[in-house]
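Here are my notes on the model you sent over. Have the viewer open while you go through the points.

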Amino acid sequence: EYGRLYNWHAVDDARSLCPNAWHVPTDGEWTVMTDELGGESIAGGEMKTTYGWYNGGNGTNSSGFSGLPGGFRQLHGYFYVAGHLGYWWSSSPNGSYAWFRYLTNYENVNRNDFNLRFGFSVRCVRDAE
């Protein structure tokens, strides 16, 4: 229902999760997108789908991002918070972690870094021409 979840090692793999001429966005590209959507405090509402978010947390999807609350996969294989939260990897490492963005029932976009072995969603963006 919410798509697949990947650890960051799959994001960083030379075989690429994305089709030819596409890539997983960097942390900087995520920042550009959220800035273009009005900043971290409101961009999440424009990125979330109009359905599927727990307790009325749906968005407007005015950006076309179509973010679904896929939750995450924990180290031991357990899945958490599907329907409540959505997490997306960036391609940018941060030491022994990597940067990601996540959406909640609110309108903000959150940025953090986390363990490379956790499973998050991945979004591909078209390469610049």
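1. Start with strand β4 (residues 86-94), which pairs with β5 in the antiparallel sense over six bridges. Keep in mind throughout that this is a predicted model. The two strands make a hairpin with two residues between them. Gly95 sits in that turn, and its phi is positive, about 70°. If you want one pair to find your bearings, take Trp89, whose bridge partner in β5 is Phe100.

2. Trp89 turns up again when you look at Ser121. That serine belongs to the loop between β6 and β7. Is Ser121 buried or exposed? Its relative accessibility is 5%, so Ser121 counts as buried. Setting aside neighbours within four places in sequence, Ser121 is in contact with Arg4, Leu5, Tyr87, Trp88 and Trp89.

3. Next, go to Trp30, which lies in helix α2. Trp30 has a relative accessible area of 2%, and it counts as buried because the cut-off for that class is under 20%. What does Trp30 touch, once residues up to four places away in sequence are left out? The list is Pro25, Met47, Phe65, Trp88, Trp89, Ser90 and Arg101. So Trp88 and Trp89 are contacts of Trp30, and they are also contacts of Ser121. There is another tryptophan to look at here: Trp99 is 69 residues from Trp30 in sequence, while the C-alpha atoms of the two are 9.9 Å apart in space.

4. Trp30 is also one of the residues lining the largest pocket. About 210 Å³ of space lies in that pocket. Its lining is made up of His23, Pro25, Glu29, Trp30, Met33, Phe65, Arg123, Cys124, Val125, Arg126, Asp127 and Ala128. By type, the lining residues divide into seven nonpolar, one polar and four charged. Helix α2 (27-36) gives the largest share, three residues. Both α2 and β7 (125-126) supply at least two residues each. Pro25 and Phe65 are in the lining, and both of them touch Trp30 as well.

5. Now the charges. Side chains of opposite charge can pair when their charged atoms come close. How many salt bridges are there in this model? The count comes to three. One of them joins Asp13 and Arg15, with 2.7 Å from N to O. Asp13 is partly exposed, at 28% relative accessible area, whereas Arg15 is exposed, at 71%.

6. Asp27 deserves your attention. It forms a salt bridge with Arg101, and the closest N and O atoms are 2.5 Å apart. This pair links distant parts of the chain, since Arg101 is in strand β5 (residues 97-103) and Asp27 is in helix α2, 74 residues apart. Both Arg101 and Asp27 are buried. Remember that Arg101 is also among the residues touched by Trp30.

7. Asp27 has a second partner: Arg111 forms a salt bridge with Asp27, the closest N and O atoms being 2.8 Å apart. Why does this pair tie together parts that are 84 residues apart in sequence? Because Arg111 lies in strand β6 (residues 109-115), while Asp27 lies in helix α2. The relative accessible area of Arg111 is 36%, so Arg111 is partly exposed; Asp27, at 10%, counts as buried. Salt bridges with shared partners join Asp27, Arg101 and Arg111 into one network.

8. Last, two backbone angles to check. Most residues other than glycine have a negative phi, and most peptide bonds are trans. Ala21 has a positive phi, near 75°. Ala21 lies in the loop between α1 (8-11) and β1 (22-23), and it is partly exposed, with a relative accessible area of 39%. Val81 also has a positive phi, near 55°. Look for Val81 in the loop between β3 (79-80) and β4. Val81 is partly exposed, at 30% relative accessible area.

Terms used:
Residues numbered from 1 in each chain as written. Predicted model: local features only at pLDDT ≥ 70, side-chain atom pairs only at ≥ 80, totals over all residues. Heavy atoms only, no water. 1 Å grid on protein atoms, 1.4 Å probe; cavity = no way out; pocket = protein on both sides within 12 Å on 5 of 7 lines; lining within 4 Å. Points joined across faces, edges and corners; volume = space filled by probe spheres on them. Helix = DSSP H or I, 4+ residues; strand = E, 2+ residues; numbered from the N terminus. Nonpolar A, V, L, I, M, F, W, Y, C, P; charged D, E, K, R; others polar. Buried < 20%, exposed > 50% of the residue type's maximum accessible area, 1.4 Å probe, protein only. Contact = heavy atoms within 4.5 Å. Salt bridge = Lys/Arg side-chain N within 4 Å of Asp/Glu carboxyl O. Pairing = 2+ DSSP bridges.
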